[in-house]
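Biologist: I should like to go through this model with you by question and answer. Please give the reasoning first and the result last.

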Amino acid sequence: MQMQPRHDQQQLSRQVAKTTTAVTVGGSLMVLSGLTLAATVIGLVIATPLLVIFSPVLVPAVLTLGLILGGFLASCGFGATASFVFYWMYRYVTGKHPIGATKIDYARDKLAHAAHDVKEKAEQLGHQAGQQIKG
């Protein structure tokens, strides 16, 4: 009967770790999206008057349009990526196993198995060292 609370606690800690990872990755991508948008706007505010003053009318218009499109495309791309990461992590946390989840589960299980092997080896070596000290 003691195995059930421990299993529930491990499951809860895994879910907390998954949620924390989702928030961290998604939040970072959202911040990157916002910073890109802000940098685009600031760059346009600074560059547009200079281009208008020192160039013919069509050149700054084309450059400004290129800067606007590039900035908004980058911002939208980062935002879409962040949204997809949030969606993927939500599906993973709720157990719906999105694409790639089996690889993540396999890697997690492989790491857990390796950690268990290291623990067993350390216990074995500790036992042997204790026997040598006594003997």
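Biologist: Is isoleucine 42 buried or exposed, and at what relative accessibility?
Modeller: This is a predicted model, and isoleucine 42 is found in its helix H1. A residue counts as exposed when its relative accessible area is over 50%. Isoleucine 42 is therefore exposed, its relative accessibility being 51%.

Biologist: Which helix gives the largest share of the nonpolar patch?
Modeller: The patch covers about 630 Å² of surface and is made by Leu37, Val41, Ile42, Val45, Ile46, Leu50 and Phe72. Six residues of the patch come from one helix, residues 3-54, and that is the largest share. The helix asked for is H1.

Biologist: How many helices and strands does the secondary structure hold?
Modeller: Read along the sequence, the protein shows the pattern α-α-α. The secondary structure therefore comes to three helices and zero strands.

Biologist: Is the protein a compact globule or more spread out, and what is its radius of gyration?
Modeller: Along the principal axes, the C-alpha atoms fill a box of roughly 90 × 40 × 20 Å. For 135 residues the globule rule gives 14 Å, and the protein lies well over that, so it is more spread out than a compact globule. Buried residues make up 16% of the 135 residues. The radius of gyration is 27 Å.

Biologist: What distance should helix H2 span, and how far apart are its end C-alpha atoms?
Modeller: Helix H2 runs over residues 58-93 and has 36 residues. The expected span is 1.5 Å times one less than the number of residues, so helix H2 should span 52 Å. The distance between its end C-alpha atoms agrees with this, at 52 Å.

Biologist: Which residue just after H2 takes a positive phi?
Modeller: The phi angle in question is about 85°, and it lies just after H2. The residue is glycine 95.

Biologist: How many aromatic pairs are counted, and is the pair of tryptophan 88 and tyrosine 92 stacked or edge-to-face?
Modeller: The count comes to one aromatic pair. Tryptophan 88 and tyrosine 92 form this pair, with 5.3 Å centre to centre and 10° between the planes. Planes under 30 degrees apart count as stacked, so the pair of tryptophan 88 and tyrosine 92 is stacked.

Biologist: Where do tryptophan 88 and tyrosine 92 lie, and is each buried or exposed?
Modeller: Both lie in helix H2, four residues apart, about one turn of the helix. Buried means under 20% relative accessible area; tryptophan 88 has 14% and tyrosine 92 has 6%. The buried residues of H2 also include Pro60, Thr64 and Gly71. Tryptophan 88 and tyrosine 92 are therefore in helix H2 and both buried.

Biologist: How many salt bridges are found, and which residues do they join into one network?
Modeller: A search of the whole structure finds two salt bridges. Aspartate 105 forms one with arginine 108, the closest N and O atoms being 3.2 Å apart, and aspartate 109 forms one with arginine 108 at 3.6 Å. Salt bridges that share partners thus give one network, made of Asp105, Arg108 and Asp109.

Biologist: Which is buried and which is partly exposed, aspartate 105 or arginine 108?
Modeller: Aspartate 105 and arginine 108 are three residues apart in helix H3, residues 101-134, so about one helical turn separates them. Arginine 108 has a relative accessible area of 29% and is partly exposed. Aspartate 105 has 15% and is buried.

Note on methods:
Residues are numbered from 1 along each chain as its sequence is written. This is a predicted model: local features need pLDDT of at least 70, side-chain atom pairs count only at pLDDT 80 or more; totals for chains, interfaces and linings use all residues. Side-chain values use heavy atoms; hydrogens and water are left out. Patches are made of residues with over 30% relative accessible area and no salt bridge: like charges are joined within 9 Å, nonpolar side chains (Val, Leu, Ile, Met, Phe, Trp, Tyr) within 5 Å. Accessible areas come from the Shrake-Rupley method with a 1.4 Å probe; for residues, only the protein chains shown count as cover. A salt bridge is a side-chain nitrogen of Lys or Arg within 4 Å of a carboxyl oxygen of Asp or Glu. Helices (H or I, at least four residues) and strands (E, at least two) are DSSP runs, numbered from the N terminus. Buried means under 20% relative accessible area, exposed over 50%, partly exposed in between (1.4 Å probe, protein chains only). Rings of Phe, Tyr and Trp (its six-membered ring) pair if their centres lie within 6.5 Å; planes under 30 degrees apart count as stacked, over 60 as edge-to-face and the rest as tilted. The radius of gyration is taken over C-alpha atoms; the globule rule is 2.2 Å times the number of residues to the power 0.38.
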